[in-house]
Amino acid sequence: MRSILLALATLTACQAPPAAVAPVPFTTGGSAAGDFGPPVGDPIIAELTNAPNVPPPIDRDEPATVVVNLEVVEKVMPISEGVDYTMWTFGGEVPGKFIRVRQGDTVEFHLQNHPDNRMPHNIDLHAVTGPGGGAASSFTAPGHESQFTFQALNQGIYVYHCATAPVGMHIANGMYGMILVEPPEGLPPVDREYYVMQGDFYTVGKYREKGLQPFDMQKAIEENATYVLFNGAEGSLTGDNALQANVGETVRLFVGNGGPNLVSSFHVIGEIFDRVYTDGGTFPQENVQTTLVASGGATMVEFDVEVPGTYVLVDHSIFRAFNKGAIGMLKVDGPESLGVYSGLELDSIYVGDLGDHEGIIAAVTEAEAGGTVTLEQQIAAGEALFGGSCSACHQTTGTGVEGVFPPLAGSDFLMADKERSIGIVLNGLTGPVTVNGSDYNSVMPPMRQLNDDEIAHILTYVRNSWGNSGDAVTAEEVATVRSTTDAPAGAAH
Ligand SMILES: [Cu+2]
């Protein structure tokens, strides 16, 4: 046991931070306990929230003793539609519960490890000054509870995470969250505060491969993420789950990054951050487009929303956004402001298959597993996926663009040969083709990154839309073509 604890303390990367350069009126130097005075009044039970919500601002003039009760729960959760993953959570969700205290507070931390759990866990809070950040004092076996106390010496927004060996695995399974230490005078008031936390995930199956997906240690070591997600799942910040604001409001996002590996290039498409508290530090930078959020780091961004519409949150390492899930949305309601922006509402390129289609793909996946999938379900799922993968060229109406992109609507070429059409999506198409009497000679890129289900649904939709009528395409048919044709050089595999 002792050697485990020692190993933990060494594995934990966070050491006591250097004394912060604090603005007036408070200081963090000298005898810490004396600077803020002793806690006043009865202990307060901290209100904790699940993302994307944060607890209300603290309305206290004196330091207090704040009791935090956090329970680790290991459970299977959806990571994408039809894809499950065994998450290890601080409080039942990923990211873990948001904790909000005041600088100078004495935090009495209780870490519970649910009796049904399999693993030991602990917690390292970056807001703690002391070796291991609490990790060595909080090693907790299933069915047990541990307790430690720390004084929140430094203001700021901090990540917490599990630091039990193998540390990377615990973090990769979702064991991180954030704690905000407000300055004594509080943060400047805003209209909306939200909690957004990025994490990278490593599954044995490919991106969006259905079913319960185990953790892949080798991919994690190679930093080859299968998913890069905001708030622990695809869809956690899109559609009905989008963040909300009204024109004229000021929005503050607490943006953290649990890692375990990747640094985030956090960006909101269509917005400029009026202020960024880079790395969660005290002094804001102004007028920023994209800000880095370190793995194990957090930042605070603030912006006014002037124009209604949908703003897309991304990791601007952009394949992560479009091919690994790092997409969220902020929906802003209110009157147009044509002097600021006269353009169109966001089109399907950014929203892709995330628009208003939540649940459709989960439904078809469930039906497939139960052997009851219908043509209608496949068509619905295919329509959702077509928006993200095909409509940029073939258009949402399937008409294509004359002389450039051939039509799928009423296409004699498409309907003549089902197997060939599967091969075109998998392997692309180049060279002359004649569709409905018109000649095309262009390039369609291979789309092998789509999985068998996705291609089956898309082609089922295409074969039953815009005047086409045909039977369903099954995932097995796609799998057969995939395994009997060669991928062109450079195609995904
Ligand atoms: Cu853990």
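**Exercise 1.** In this predicted model, decide whether Asn-287 is buried or exposed.

*Solution.* Start with the relative accessibility of Asn-287: 59%. The cut-off for exposed is over 50%. Therefore Asn-287 counts as exposed. Now place the residue. Asn-287 lies in strand β17, residues 285-288. Finally, check the backbone. Phi of Asn-287 is near 60 degrees, a positive value in a residue other than glycine.

**Exercise 2.** Decide whether Asn-231 is buried or exposed.

*Solution.* Find the loop between β12 (227-230) and β13 (243-246); Asn-231 is there. Its phi is near 50 degrees, which is positive although the residue is not glycine. Next, read the relative accessible area of Asn-231: 7%. Buried means under 20%. So Asn-231 is buried.

**Exercise 3.** Identify the protein donors of the copper ion and classify the site.

*Solution.* First, list the donors: His-121 (ND1), Cys-162 (SG), His-170 (ND1) and Met-175 (SD). They lie 2.1 to 2.5 Å from the copper ion. Second, write their spacing along the chain: H-x40-C-x7-H-x4-M. Third, look at the angles among the four donor atoms, 88 to 138 degrees. A tetrahedral site needs all angles between 85 and 135 degrees. The copper site is classed as irregular. Last, check burial for two of the donors: His-170 and Met-175 are both buried.

**Exercise 4.** Locate the cis peptide bonds that lead into Pro-52 and Pro-95.

*Solution.* Take Pro-52 first. A cis bond joins Ala-51 to Pro-52, with omega about 10 degrees. Pro-52 sits in the loop between β1 (44-45) and β2 (65-80). Now take Pro-95. Val-94 is its cis partner, and omega is about 0 degrees. The loop between β3 (83-90) and β4 (99-102) holds Pro-95.

Note on methods:
Residues numbered from 1 in each chain as written. Predicted model: local features only at pLDDT ≥ 70, side-chain atom pairs only at ≥ 80, totals over all residues. Heavy atoms only, no water. Donors = N, O, S within 2.8 Å, 3.2 Å for Na, K, Ca; no water. Tetrahedral: all angles 85-135°; square planar, octahedral: opposite > 155°, others 65-115°. Buried < 20%, exposed > 50% of the residue type's maximum accessible area, 1.4 Å probe, protein only. Helix = DSSP H or I, 4+ residues; strand = E, 2+ residues; numbered from the N terminus.
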